[in-house]
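Me: I should like to learn how to read the features of a structure that is new to me. Please take the features in turn, with the general idea before the particular case.

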Amino acid sequence: MIQTMIKEGKIVPSEVTIKLLDKAILGIDNDKFLIDGFPRNEENRAAFEAVTKIEPELVLFFDCPEEEMERRLLSRNQGREDDNIETIRKRFKVFLDSSLPVVEYYAAKGKVKKIDASKPVQEVFAAVKTIFTPKDDKAANNVKESHGK
């Protein structure tokens, strides 16, 4: 069922995804975790927070134009069934209709960090790394840089 929905560019039902996520979260010895690509819609968001009692500290939003995403997905050559122009365009429309409102919800709460994902991989990684670098480490790096000149 999950593979069929992914192939069709549809969203997997919240109850299925949340059960998998909750099991994974409970199975780790860490109070921090990264969930990639979830929640995908408002119903996912509300159900996840209600079931897990967790509200994200931070939401990363990788902003990339549709044309660039199409180019990258069609050239990644991984043999995935969903790497075709029709599915990609369906997924982008689903994102605009369903996922973007979730990003906007968290943005209104000041929790969204926007990354320009149209840049080269190394630059995107550097931007993400900066977000996750503890403030103390950033200050220490700035001191080292200013004394090193």
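Me: Which residues form the largest nonpolar core?

Reply: In soluble globular proteins, nonpolar side chains tend to be buried together. In this predicted model, the largest nonpolar core consists of six residues: Ile-18, Leu-21, Ile-25, Phe-38, Ala-47 and Phe-48. Two or more of these residues come from each of the elements α2 (14–26) and α3 (42–52). The element that gives the most to this core is α2, with three residues.

Me: What does Ile-18 touch, leaving aside residues up to four places away in sequence?

Reply: With those neighbours left out, Ile-18 is in contact with Phe-38, Asn-44, Ala-47, Phe-48 and Val-51.

Me: How should the packing of α2 and α3 be described, and at what angle do their axes cross?

Reply: Two packed helices are described by the angle between their axes and the distance between the axes. For α2 and α3, the axes cross at roughly 40° and come within 10 Å. The two helices are therefore oblique to each other. The crossing in which α2 passes α3 is right-handed.

Me: Which residues make the contact between α2 and α3?

Reply: From α2 come Ser-14, Ile-18, Leu-21, Asp-22 and Ile-25, while α3 supplies Glu-43, Asn-44, Ala-47, Phe-48, Val-51 and Thr-52. By character, the residues of this contact divide into six nonpolar, three polar and two charged.

Me: At what angle do α3 and α5 pack, and how far apart are their axes?

Reply: The same general description by angle and distance applies. Helix α5 covers residues 85–108, and α3 packs with α5 at an angle of about 50°, their axes being 8 Å apart. That angle makes α3 oblique to α5.

Me: Which residues meet where α3 packs with α5?

Reply: On the α3 side are Glu-42, Arg-45 and Glu-49, which meet Ser-98, Val-102, Tyr-105 and Tyr-106 of α5. The residues of the contact of α3 with α5 comprise three nonpolar, one polar and three charged.

Me: Is Glu-49 buried or exposed?

Reply: A residue counts as buried when its relative accessible area is under 20%. Glu-49, which lies in helix α3, has a relative accessibility of 14% and therefore counts as buried.

Me: What does Glu-49 touch, again not counting residues up to four places away in sequence?

Reply: Its contacts are with Ile-54, Glu-55, Pro-56, Tyr-105 and Tyr-106. Tyr-105 and Tyr-106 are also among the α5 residues named for the contact with α3.

Note on methods
Residues numbered from 1 in each chain as written. Predicted model: local features only at pLDDT ≥ 70, side-chain atom pairs only at ≥ 80, totals over all residues. Heavy atoms only, no water. Core = buried A, V, L, I, M, F, W, Y, C linked by side-chain atoms within 4.5 Å. Buried < 20%, exposed > 50% of the residue type's maximum accessible area, 1.4 Å probe, protein only. Helix = DSSP H or I, 4+ residues; strand = E, 2+ residues; numbered from the N terminus. Contact = heavy atoms within 4.5 Å. Axes fitted to C-alpha atoms, helices over the stretch in contact; angles between N-to-C directions. Parallel < 35°, antiparallel > 145°, perpendicular 65-115°, else oblique. Nonpolar A, V, L, I, M, F, W, Y, C, P; charged D, E, K, R; others polar. Left-handed = near helix turned anticlockwise from the far one by under 90°.
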